[in-house]
Amino acid sequence: MRKGLLMSAAGLLLAGSGTAYGACTPVLDCASLGYKYSSSECSGSGVACPFDTSKYFCAEPCTYTVTKATCDSQCKNVGDKACTKNGTVYYESCGSSKCGTGYKCTNGSCTSTCNYSYTAASCSSQCKSVGSTSCVKDGTTYYSSCGSSLCSSGQTCNNGNCVANVNTTGSCCGYTYSCGYSGGTSSANDSSCQDGWGMSCYNKCKSYNYPNCNTAQANCRNLGRTFEITGCSNNGQGTAMGQHTVYFTCQ
C-alpha cells in the first residue's frame, strides 16, 4: 500500500516537472518580437532577427511604396508624407492633380477635354451672341459656335459694332473735278443745270434721293471699306448738265 502511494507521488512529480519545462520554451516568432520589416524597409540600418535573418527590427521603417514617377504618370503632384529607402524617396500617396479644369490626364500629360474655340469676345467682335453649347478651360468659357446676329435689319457688323448698311455700289451727289459733283454743292456747271432743270446740278442729283457723296464716303469708311469713284452720269443732257451724279463703289 505504501509503495503504491510513493509511485503515485513520483508520477505526479514527473508530470509536474514536464509542465514546468514546457512553459520555459523560448518564443521563436520574429514578428511577435518586433522583427517585422525587410532589410530594404529599414534602409539597411535595422537589426536582423536571430531566428530569421530576413526579418528586421528598425526604429523608423519606410513602408511607403509610391514614387514621384508613379505620381507623374497620373499627372499628380507628390504627397506630403515621405520617407527614404535605399536612396529613393517614397510617398504615402500622390497629391493634387496637375491638370486644371477642362483637362484630363493622358499618358502622364494633361490634355484638353474642351476643344471649342469661340469665346464671348470673339462672338461679340462678330456682333453675335454666344452659342448654346459650351465648356470651360483654364477658367475661360468656350463655345462650339456663335449664336444669332445682334444687328437688326439694315445693319452690318463693323469691328463689333452694328452700323447702317452702305451699298457696295451706288450714286451720290457732290463736286469733283473728274465727275462734276462729289464734295461741294455748287460748281461752274450750275448755270447749265439751272437753265435745263430750274435748279442747281447738286439739287437735281438730290432729287433722285441720292446721298451726299461726303456722307456716302464716311459711311463706307466706317465699315472699314474703301470708297472709290468709278464714273459720272449724263442722263442724256450733255456733258455740262450731265456731270451732276457720281457713281461709286464701297468695297
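Begin with the whole protein chain shown as a surface: the accessible area is about 15400 Å², and carbon and sulfur atoms account for 50% of it. Areas of this kind come from the Shrake-Rupley method with a 1.4 Å probe, and for residues only the protein chains shown count as cover.

The structure is a predicted model, in which local features need pLDDT of at least 70 and side-chain atom pairs count only at pLDDT 80 or more, whereas totals for chains, interfaces and linings use all residues. Residues are numbered from 1 along each chain as its sequence is written, and side-chain values use heavy atoms, with hydrogens and water left out.

**The whole chain**

Switch to a cartoon view. The protein chain contains seven helices and 17 strands; these are DSSP runs (helices H or I, at least four residues; strands E, at least two), numbered from the N terminus. Of its 251 residues, 27% are buried, where buried means under 20% relative accessible area, exposed over 50%, and partly exposed in between (1.4 Å probe, protein chains only). Among contacts (heavy atoms within 4.5 Å) with a separation of 6 or more, 42% join residues 24 or more positions apart.

**The sheet**

Next, select strands S15, S16 and S17. They form an open sheet in the order S15-S17-S16, with antiparallel pairing; two strands pair if DSSP finds at least two bridges between them. Strand S15 (169–173) and strand S16 (227–232) are the edges: each has a single partner strand, so one side of each lacks a neighbour in the sheet. On average, neighbouring strands here are turned by 40° against each other, direction ignored.

Five bridges link S15 and S17 in the antiparallel sense. Display Gly170, and Phe248 of S17 will be found opposite.

**The helix and the core**

Now add helix H6, which lies across S15, S16 and S17 and runs at about 145° to S16. Such angles run from 0 to 180 degrees between N-to-C directions, with axes fitted as lines to C-alpha atoms, for helices over the stretch in contact.

Which residues make up the largest nonpolar core? The 10 residues to select are Val166, Cys172, Cys213, Ala216, Cys220, Leu223, Phe227, Val246, Phe248 and Cys250. Helix H6 (213–222) and strand S17 (245–250) each contribute at least two of them. A nonpolar core is a set of buried Ala, Val, Leu, Ile, Met, Phe, Trp, Tyr and Cys residues joined through side-chain atoms within 4.5 Å.

**A loop residue**

Finally, select Ser117, in the loop between strand S8 (109–112) and helix H3 (120–125). Is Ser117 buried or exposed? Ser117 is exposed, its relative accessible area being 54%. Leaving aside residues up to four places away in sequence, Ser117 touches Tyr142 and Tyr143. Ser117 and Tyr142 lie 25 residues apart in sequence, with 5.8 Å between their C-alpha atoms.
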